[in-house]
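Colleague: Hey, got a minute to walk me through this one? I'd like to start with a cysteine.

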Amino acid sequence: MGGHAMKLRILLTSVAVITLMAFSFVTFATAESTLEIVKKRGHLRCQVGTPSGGFYNLDANGKWYGLDVAVCEAVAAAIFGDKNKIEFQSVSSQQRFTALANGESDLLCRTATATMSRDTQLGLDFLQPNFYDGQGFTVLKSSGITSAFQLKGAKVCVTTGTTSELNLTDFSRANNLNITAVTFEDWNVRDATYLKGGCDAVSIDKSSLAANIISFPNPDDHMILPETISKEPLGPAVRQGDSQWAGIVKWSEYAMINAEELGVTSANVDDMRANSKDVNVRRMLGVEGTLNEGLGLPKDWAYNIIKQVGNYGENYEKYIGSGKGALGIKREGTLNALWNKGGMMYSPPMR
């Protein structure tokens with residue numbers, strides 16, 4: 001190839017690269033951020049699942065409540081100063097990640113387990129877990145089964161498209177149990193099948209097992225086996241590519257955890273904002289400093305979360321612990337205790 005031809009090819013290639021870079025910059029520069037889209041719409045679209053005790057459930061008036069719902073409310077309170085500016089979307093397990101990835105949802109918070117493949121292959125980012133769980137088994141007390149290792153040859157009801165299905169297969173294979181997984185898309189059908197004797201056990205996250213047993217006609221007839229066969233860090237997820245939005249969701253959660261560490265509650269937050277001399281409290285509540293600027297939120301974003309939604313401990317007790325209708329799962333001594341009480345609930349410094 002002659003020198004002129006070579007120079008022409010290099011020139012054309014350079015022009016093409018520069019043009020592509022310019023186009024990419026324009027596309028990036030004109031693309032709206034998730035925060036801008038949500039503010040323009042006037043409410044948050046938060047995805048939960050079909051009603052499940054403790055995490056996302058419906059009261060007699062059709063209002064959503066639960067530990068995962070509280071995360072959605074915290075984000076809405078941070079952005080709008082109003083925790084109720086939310087459109088809740090109840091989506092099946094099979095469609096949940098697609099609905100988030102394609103923009104139908106702004107945020108997913110529905111007992112979804114963070115795994116490596118989900119975090120790296122679906123175009124999603126999983127954030128700080130709001131509940132550390134593990135998979136177990138429910139059986140009839142009358143079955144005489146007292147250990148998961150006694151389930152050799154058993155039929156086990158499980159929801160398809162979940163980590164529970166995969167974990168059950170792994171557990172059976174590793175222990176040569178020859179368990180038959182009976183899969184269902186609808187957890188109501190799954191539980192009905194178990195109650196009619198169609199399965200020897202149900203296998204899902206232990207928190208969900210506790211919620212299900214409460215709803216059974218005769219809860220005392222059932223028991224959760226002691227073994228935990230998996231790690232299930234449950235928490236919110238967002239689309240990849242918008243670090244500001246991920247930061248808003250992440251730090252809304254951290255604000256609830258940090259508030260508990262500092263002893264700030266929905267009941268005393270007004271007094272704390274007016275009178276606390278603790279610089280950590282004052283920074284978090286927006287009395288001093290500029291913590292809000294990097295998130296693009298008002299100075300009182302964390303105050304609104306704590307005032308309207310409460311700190312992490314308040315919500316745990318209300319929905320999971322000892323509150324009326326809660327799951328009755330004690331927090332003390334579990335991974336869901338604060339880091340300084342032996343658990344894994346930990347907020348990086350808000351400074």
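Modeller: Sure, let's take Cys 109: its relative accessibility is 0%, so Cys 109 counts as buried (buried means under 20% relative accessible area, exposed over 50%, partly exposed in between, with a 1.4 Å probe and protein chains only). One caution: this is a predicted model, where local features need pLDDT of at least 70, side-chain atom pairs count only at pLDDT 80 or more, and totals for chains, interfaces and linings use all residues. Residues are numbered from 1 along each chain as its sequence is written, and side-chain values use heavy atoms, with hydrogens and water left out.

Colleague: OK, so why is there no bond from Cys 109 to the closest cysteine sulfur?

Modeller: That closest sulfur belongs to Cys 72, and at 5.3 Å from the sulfur of Cys 109 it is too far for a bond. A disulfide here is a pair of cysteine sulfur atoms within 2.5 Å.

Colleague: How many disulfides does a search of the whole structure find?

Modeller: Two. In one of them, Cys 46 and Cys 72 have their sulfur atoms 2.0 Å apart. This pair links distant parts of the chain, 26 residues apart, with Cys 46 in strand 1 (residues 44-48) and Cys 72 in helix 3 (residues 67-80). Helices (H or I, at least four residues) and strands (E, at least two) are DSSP runs, numbered from the N terminus.

Colleague: And which way does the link of Cys 46 and Cys 72 turn, left-handed or right-handed?

Modeller: Left-handed, with -55° about the S-S bond. Cys 46 is buried at a relative accessible area of 0%, and Cys 72 is buried at 0% too.

Colleague: What about Cys 157 and Cys 199?

Modeller: They form a disulfide as well, sulfur atoms 2.0 Å apart. The torsion about its S-S bond is about 80°, so this disulfide is right-handed. Cys 157 sits in strand 9 (residues 155-159) and Cys 199 in the loop between helix 7 (187-195) and strand 11 (201-205), so the pair ties together parts 42 residues apart in sequence. Both Cys 157 and Cys 199 are buried.

Colleague: New topic: where is Ser 164, and what does Ser 164 touch?

Modeller: Ser 164 is in helix 6 (residues 163-174) and is buried, with a relative accessible area of 5%. Leaving out residues up to four places away in sequence, Ser 164 touches Gln 135, Val 158, Ser 203, Ile 204 and Asp 205; contact means heavy atoms within 4.5 Å.

Colleague: Last one: how many helices and strands are in the protein chain?

Modeller: 13 helices and 14 strands. Of the 351 residues in the chain, 47% are buried.
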